[in-house]
Amino acid sequence: MIVDVAVERTLGSFHLNVAFAAPAGITALFGPSGSGKTLTLRCIAGLLAPARGRVALGQRVLFDSSSGTDLATRDRRIGYVFQHYALFPHLSAAANIGYGLHALSTRDRAAREKELLEMVGLADLADRRPHELSGGQQQRVALARSLAPRPDLVLLDEPFAAIDSFVRDRLREQLRAIQVRTQVPMILVTHDVADVRSLADSVVLYGHGVIEEVGPTNEVLARREVERQAYPA
């Protein structure tokens, strides 16, 4: 499923004007802090309305300023993993995962919680609250919660930023394995080239509110390395 994004929005002195297509797999929005990556995610998710533009997920139009289309966040079928996970501190890991599954019966919700806890390797920690979990475990609970309602797309905002560096490689491997298993397309915001190299099938290279390049990860990074060697800082 291809995600088509073309959004424009001004916040204070910052102007975002970007357009790209994210194919199946994992697409990284890669660039320095403050370049508009998270703002783009918020526009895709419906947490912030663009001034102009269009967002489509496959054949479903989520936002179109020309026609006045603007689906509510809850109707977009998008999972969102926030940078600091935004878990409910008073709920267990299982209850956090099942929080948005109110339409399911108690039995079906419990089965879905168990399925996802097993998928992220936390089946034995179902009853623990967030403060009883490590940063990496909280990240996996947040990922499982985003997948719980079977979304068409998952957005991840700097998912490894709060994780100790020595466990990031293992968490990247787990995220990649989960994406392959579920086949849910993901858009990942990062300013860490290691995330891009390890995870991304394609990359959208951000400048200050604009896109500098889009393409397969290996091609974009290879061209950037050649440019860096030709024009060293």
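**A cavity, an open sheet and helix 1**

Let me begin with the largest cavity, whose lining is made up of Gln139, Arg140, Leu143, Leu171, Gln174, Leu175 and Ile178. Two elements each give two or more residues to that lining, namely helix 4 (135–147) and helix 5 (165–182), and helix 5 supplies the largest share, with 4 residues. Sorted by class, the lining has 4 nonpolar, 2 polar and 1 charged residues. I should say at this point that we are looking at a predicted model, and that the space in this cavity comes to about 40 Å³, while the structure holds 1 cavity of 30 Å³ or more.

Let me turn now to the sheet, which is open and is formed by 6 strands in the order 7-8-9-3-10-11, with mixed pairing. Strand 7 (78–81) and strand 11 (211–216) stand at its edges, and each has a single partner strand, so one side of each is left without a neighbour in the sheet. Ignoring direction, neighbouring strands of the sheet are turned by 15° against each other on average. Further in, strand 3 (residues 26–30) and strand 9 (residues 186–190) run parallel and are joined by 5 bridges, with Met186 of strand 9 serving as the bridge partner of Ile26.

Finally, helix 1 lies across strands 3, 7, 8, 9 and 10, and runs at about 150° to strand 8 (153–157). How many of the residues in helix 1 are buried? The count is 7 of 9, so to speak of helix 1 (residues 37–45) as mostly covered is fair, and the buried residues are Lys37, Leu39, Thr40, Leu41, Cys43, Ile44 and Ala45. After helix 1 comes Gly46, which has a positive phi, near 90°.

Technical notes:
Residues are numbered from 1 along each chain as its sequence is written. This is a predicted model: local features need pLDDT of at least 70, side-chain atom pairs count only at pLDDT 80 or more; totals for chains, interfaces and linings use all residues. Side-chain values use heavy atoms; hydrogens and water are left out. Buried means under 20% relative accessible area, exposed over 50%, partly exposed in between (1.4 Å probe, protein chains only). Two strands pair if DSSP finds at least two bridges between them. Axes are lines fitted to C-alpha atoms, for helices over the stretch in contact, and angles run from 0 to 180 degrees between N-to-C directions. Contact means heavy atoms within 4.5 Å. On a 1 Å grid over the protein atoms alone, a cavity is a set of points where a 1.4 Å probe fits but cannot get out, and a pocket is an open set with protein on both sides within 12 Å along at least five of seven lines; lining residues have an atom within 4 Å of a point. Grid points are joined across faces, edges and corners, and a volume is the space filled by probe spheres set on the points. Ala, Val, Leu, Ile, Met, Phe, Trp, Tyr, Cys and Pro count as nonpolar, Asp, Glu, Lys and Arg as charged, and the others, Gly among them, as polar.
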